[in-house]
Amino acid sequence: STGSVVTTPQQYDVEYLTPVTIGTPGQNLEIDIDTGSSDFWVFSSETPKSQVDGQTCYNPNKSSTAKKLEGATWEIEYGDGSSSSGDVYLDKVKMGGVNFSSQAVEVASKVSAEFTADTNNDGLMGLAFGSINQVRPQKQTTFFENLQSSLDKPLFTADLKSGAPGHFNFGYIDKNAYTGSITYTPVNSTQGFWMWTSPGYTIGASGKFKSSPIEGIADTGTTLLLLPSSVVKAYYKNVSGASYQSSNGGYVFPCDATLPSFYVSVGDDARIKIPGKYMSYAPVDSQGQNCFGGLQTDDGIGFSIFGDVFLKAAFVVFDAGKERLGLAAK
Ligand SMILES: CC[C@H](C)[C@H](NC(=O)[C@H](C)NC(=O)[C@@H](CCSC)NC[C@@H](N)Cc1ccccc1)C(=O)O
């Protein structure tokens, strides 16, 4: 089998939302597909009304195929400090034409304020490795892991776009979705993430390649590109008026500044070009005077995060069959 589903960016490409159908009859939710985590959790009939602000809630009592996973609970915390928790049902889940009949659906009986405020986001579907799933006493497998053996190929691809809908595809590689060739690089899944190492980077079209290994995770659920502070400092040296502003929590620059492109090397002889315009995330003031950088530091995390600012510049193959990541220009 193969599948394909459209994923739509929210304002400033802060996140991408994807339609997912749960239960019988189908309940349609808009979900943040997140390769940086491994839990599929949703706003639900168990989420206190005070914590729901417009989100669509999955109601297992209205699904003839829902079965409570007795005794199972979950709780999760994310790098941005947000969190959620609840209990678990098994139900039919359909996305992009592929479906799995007894997917663990983690229903939220509590969500943190960040999720309540994210009014179009009805939940997260983690597509990292099941080893970091947070359901206890027994961990659950991800939607992709459940599908893997029935897919034509044991892989999925992400084709996120800047300010336009893109696709997640399952089980096949769409040759029309990228240009040139796909460069593959090994994935180290021991921490449960799609973790890989870039050999280095180049700042600007005429910049010199800097050989400097960067270990990080491909995370569709993180908005920005978070790299070592030495790299970030070197980049913003090229942006007039750029400065680190602790009040804004990162590097800020005049919105009319010229931003150099940034190249992330992959494998022995390939690189992904991030256009300068992707390196500006959003205005920090109502006049649109100063803008928050799309490139910020990975301080305190322990690894870098290749988030949407990077991923939307590439066609990305998450190849579980060969534990590798494929990257191509588009
Ligand atoms: C602080 C918690 C640490 C980060 C760690 N949690 C994680 O690594 C979780 C699974 N992943 C995440 O927190 C990050 C990746 C590691 S960051 C250290 N990706 C998922 C995140 N972007 C999902 C999200 C989407 C929209 C809004 C908010 C959050 C843990 O549980 O130990």
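**View 1. Tyr12 up against a stretch from far along the chain.** Leaving aside residues up to four places away in sequence, Tyr12 touches Tyr281, Ala282 and Pro283. This is a predicted model, and the close-up is centred on a loop residue: Tyr12 is found between strand 1 (3–9) and strand 2 (16–22). Its backbone is worth a look, since phi of Tyr12 is near 60 degrees, a positive value in a residue other than glycine. Is Tyr12 buried, exposed or partly exposed? Its relative accessibility is 41%, so Tyr12 counts as partly exposed. For a sense of scale, Tyr12 and Glu215 sit 26 Å apart, C-alpha to C-alpha, with their positions 203 residues apart in sequence.

**View 2. Asp13, next door to Tyr12.** Asp13 is also found in the loop between strand 1 and strand 2. Here too phi is positive, at about 55 degrees, although Asp13 is not a glycine. Most residues other than glycine have a negative phi. On accessibility the neighbours part ways: Asp13 counts as buried because its relative accessibility is 7%, while Tyr12, at 41%, counts as partly exposed.

**View 3. The disulfide between Cys255 and Cys291.** How many disulfides does a search of the whole structure find? It finds 1, and the partners are Cys255 and Cys291, with their sulfur atoms 2.1 Å apart. Look along the S-S bond and you have 105 degrees about it, a right-handed link. The pair ties together distant parts of the chain, 36 residues apart: Cys255 is in the loop between strand 17 (250–254) and strand 18 (262–266), and Cys291 is in strand 21 (residues 290–293). The two ends of the link also sit in different settings: Cys255 is partly exposed, with a relative accessible area of 27%, whereas Cys291 counts as buried at 7% relative accessibility. Elsewhere in the chain, Cys57 is another cysteine to look up, and at 26% relative accessibility it counts as partly exposed.

**View 4. The largest pocket.** About 1,000 Å³ of space lies in this pocket. Its lining takes in 32 residues, and Tyr78, Gly79, Asp80, Gly221 and Thr222 are the ones that lie nearest its centre. Which elements give two or more residues to the lining? They are strand 3 (27–34), strand 5 (67–77) and helix 1 (113–117). By class, the wall of the pocket is a mix: 15 nonpolar residues, 9 polar and 8 charged.

**View 5. The largest cavity.** With a 30 Å³ cut-off, the count comes to 1 cavity, and the volume of the largest cavity is about 30 Å³. Around it you'll find Ser38, Asp39, Phe40, Gln103, Ala104, Glu106, Asn133, Gln140, Thr141 and Thr142. Which element gives the most to this lining? Strand 7 (residues 98–111) does, with 3 residues. Sorted by class, the cavity lining has 6 polar residues, 2 nonpolar and 2 charged.

**View 6. Two cis peptide bonds, each leading into a proline.** Most peptide bonds are trans. Thr24 and Pro25, though, are joined by a cis peptide bond, with omega at about -10 degrees. Pro25 has its place in the loop between strand 2 and strand 3. Further along, a cis peptide bond also joins Arg136 and Pro137, and here omega is about 5 degrees. Pro137 is found in the loop between strand 9 (135–136) and helix 2 (143–147).

**View 7. How confident the predictor is.** The mean pLDDT of the chain is 98, and 100% of its residues reach 70 or more. For the complex, the predictor gives an ipTM of 0.91 and a pTM of 0.98. Where pLDDT is low, the predicted coordinates should not be read in detail.

Key: Residues are numbered from 1 along each chain as its sequence is written. This is a predicted model: local features need pLDDT of at least 70, side-chain atom pairs count only at pLDDT 80 or more; totals for chains, interfaces and linings use all residues. Side-chain values use heavy atoms; hydrogens and water are left out. On a 1 Å grid over the protein atoms alone, a cavity is a set of points where a 1.4 Å probe fits but cannot get out, and a pocket is an open set with protein on both sides within 12 Å along at least five of seven lines; lining residues have an atom within 4 Å of a point. Grid points are joined across faces, edges and corners, and a volume is the space filled by probe spheres set on the points. Helices (H or I, at least four residues) and strands (E, at least two) are DSSP runs, numbered from the N terminus. Ala, Val, Leu, Ile, Met, Phe, Trp, Tyr, Cys and Pro count as nonpolar, Asp, Glu, Lys and Arg as charged, and the others, Gly among them, as polar. Buried means under 20% relative accessible area, exposed over 50%, partly exposed in between (1.4 Å probe, protein chains only). Contact means heavy atoms within 4.5 Å. pLDDT is the predictor's confidence in each residue, from 0 to 100. A disulfide is a pair of cysteine sulfur atoms within 2.5 Å.
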